[in-house]
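Subject: Structure for you to look at

Hello,

Here is the structure I said I would pass on. Please open it first, then read the notes underneath.

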Amino acid sequence: VPVVRAQSSPEYIPDAKFYKVEAILRPWRVTRVSSALLKIGIRGVTVSDVRGFGAQGGSTERHGGSEFSEDKFVAKVKMEIVVSKDQVEPVIEKIIEEGRTGEIGDGKIFLVPVSDIIRVRTGERGEKAERMTGGRSDMISA
Ligand code: ATP
Ligand code: GLN
């Protein structure tokens with residue numbers, strides 16, 4: 001599979017300190033993606049099983065006059081990763097590198113600005129709440 005890189009970061013992205021990288025991926029690629037993220041110090045990840053349709057599948061059909069949707073939703077995994085601004089591009093690169101097969105259905109990544117982060121255990125907010133012990137920032141500064 002030839003390597004594909006994300007195009008350079010566009011100017012229309014709203015400025016924020018933190019972003020959520022939301023990736024819809026092939027379920028069988030998720031372990032590979034999360035292991036690679038862990039290696040670059042991304043330790044905070046949330047995944048959910050979802051179903052969807054894009055170019056890969058999904059359609060509404062008419063049968064016997066009554067409309068109903070034929071279930072063509074494809075099983076996917078949604079991976080949500082909140083990171084500081086400087087970590088967004090490495091995370092996107094890694095997801096493409098490990099999640100891509102080059103076939104239709106590899107998924108999509110949505111980038112969402114995040115206004116704040118609060119750690120429930122401590123009440124910490126912002127940068128303090130976003131940082132994780134042994135996370136990417138610690139790794140890079142070490
Ligand atoms: P603590 O130090 O109190 O354990 P923590 O920052 O390590 O805080 P957890 O309470 O362990 O956070 O996180 C609970 C869940 O929140 C995780 O299992 C994960 O689903 C989600 N999560 C935490 N951080 C992130 C993040 N940066 N991005 C996405 N999901 C996260
Ligand atoms: N930015 C955090 C850190 O460097 C890691 C965030 C995450 O793992 N999602 O500690």
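How many nonpolar, polar and charged residues does the shell around ligand 2 have? Sorted by class, five are nonpolar, four are polar and four are charged. Keep in mind that this is a predicted model.

The surroundings of ligand 2 come to 13 residues, and those that come nearest are Arg43, Gln87, Glu130, Met132 and Ser137. Two elements, strand S5 (74-84) and helix H4 (136-141), each supply at least two residues of this shell. S5 gives the most, with three residues.

Some contacts with ligand 2 involve the protein backbone. A nitrogen atom of the ligand lies 3.0 Å from a backbone N or O atom of valine 82. Methionine 132 has a polar backbone atom 2.8 Å from an oxygen atom of ligand 2. For arginine 136, a polar backbone atom is 3.3 Å from an oxygen atom of ligand 2. Taken alone, ligand 2 exposes 300 Å², and the protein buries 99% of that.

The other item is a pair of helices. Two packed helices are described by the angle between their axes and the distance between the axes. Helix H1 covers residues 30-39 and helix H2 covers residues 88-99; they pack at an angle of about 140 degrees, with 9 Å between their axes. Angles over 145 degrees would count as roughly antiparallel, so H1 is oblique to H2. The crossing of H1 and H2 is right-handed.

Regards

Conventions: Residues numbered from 1 in each chain as written. Chains lettered and ligands numbered in written order. Predicted model: local features only at pLDDT ≥ 70, side-chain atom pairs only at ≥ 80, totals over all residues. Heavy atoms only, no water. Near = heavy atom within 4 Å. Polar contact = N/O pair within 3.5 Å; in protein donor to acceptor, adjacent residues only side chain to side chain. Areas by Shrake-Rupley, 256 points an atom, 1.4 Å probe, with all protein chains shown as cover. Helix = DSSP H or I, 4+ residues; strand = E, 2+ residues; numbered from the N terminus. Nonpolar A, V, L, I, M, F, W, Y, C, P; charged D, E, K, R; others polar. Axes fitted to C-alpha atoms, helices over the stretch in contact; angles between N-to-C directions. Parallel < 35°, antiparallel > 145°, perpendicular 65-115°, else oblique. Left-handed = near helix turned anticlockwise from the far one by under 90°.
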